[in-house]
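Colleague: I have this model open on my screen and I'd like to learn how to read it. Can we go through it together?

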Amino acid sequence: ASKLRLKSGSHVDIKGLNLVVGVSKQEDFGVYGGFLELGFGNYDSYNDFSNLTSVQGKGNTKYLGTGIMTHFELGDGYYAQSSLRVGKISADYKSSNLTDKEVKFNTKRVYLSTHLGFGKVFEIGTQNIDLYTNLYLTR
């Protein structure tokens, strides 16, 4: 769950909830699994323009998708991981003080996202340090 305010002179108040549920299987070489993800939220925008009236708007967002993930042990503390996600996201917006008429839009798009990561776990005494890098591509 999240609640935040983005400020830029104007501001947007955002509230949302995101959930992921999945299953995985442990093998000798690592872990693989699948998951479902969903999220929804709403926002209120407040745009202030110099010497002009403020414009207020509001909207809703939601997404539903599925994905797969892997985590492979490469030996000597090294590992590789990956994921692939696909789903549908939708958003709407409306404002009644931008013009004399209500301004609104609805949009729906398919999203696709992948990630690839590599890392190494270093054992230092009784502590573990995980040094890793990830590359994310989202459309």
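Modeller: Let's start with confidence: pLDDT is the predictor's confidence in each residue, from 0 to 100. You'll also see strand names, which are DSSP runs (E, at least two residues) numbered from the N terminus. This is a predicted model, so to speak of a local feature we need pLDDT of at least 70, side-chain atom pairs count only at pLDDT 80 or more, and totals for chains, interfaces and linings use all residues. Residues are numbered from 1 along each chain as its sequence is written, and side-chain values use heavy atoms, with hydrogens and water left out.

Colleague: Where in the chain is confidence lowest, and where highest?

Modeller: Lowest in β1, with a mean of 87, and highest in β7, at 96. The chain averages 91, and 96% of the residues score at least 70. As a general caution, predicted coordinates should not be read in detail where pLDDT is low.

Colleague: In what order do the strands of the sheet come?

Modeller: First the idea: two strands pair if DSSP finds at least two bridges between them. Here seven strands make an open sheet, ordered β1-β2-β3-β4-β5-β6-β7, with antiparallel pairing. β1 (2–7) and β7 are at the edges with a single partner strand each, so one side of each has no neighbour in the sheet. From one strand to the next, the twist averages 20° (axes are lines fitted to C-alpha atoms, and angles run from 0 to 180 degrees between N-to-C directions).

Colleague: How many bridges link β5 and β6?

Modeller: There are 18 between β5 (residues 78–95) and β6 (residues 103–124), in the antiparallel sense. To get your register, find A80, whose bridge partner in β6 is F118, then L84, which stands opposite T114. On the other side, β6 pairs with β7 (residues 127–138) over twelve bridges, also antiparallel, and E123 faces N128 there. Those two strands form a hairpin with two residues between them, and G125 in the turn has a positive phi of about 65°.

Colleague: Which residue that is not a glycine has a positive phi?

Modeller: D76, at about 55°. You'll find D76 in the loop between β4 (55–75) and β5. With a relative accessible area of 65%, D76 is exposed (exposed is over 50%, buried under 20%, partly exposed in between, using a 1.4 Å probe and protein chains only).

Colleague: Is S90 buried or exposed?

Modeller: S90, which sits in β5, counts as buried because its relative accessibility is 13%. Contact means heavy atoms within 4.5 Å. Leaving aside neighbours within four places in sequence, S90 touches N60, T61, K62, T107 and K108.

Colleague: What joins the side chains of D13 and R5?

Modeller: A polar contact of 2.6 Å. That term covers a pair of N or O atoms within 3.5 Å; within protein, one must be able to donate a hydrogen and the other to accept it, and residues adjacent in sequence count only if both atoms are side-chain atoms. D13 lies in β2 (residues 11–27), and its C-alpha is 6.5 Å from that of S45, 32 residues apart along the chain.

Technical notes:
Helix = DSSP H or I, 4+ residues; strand = E, 2+ residues; numbered from the N terminus.
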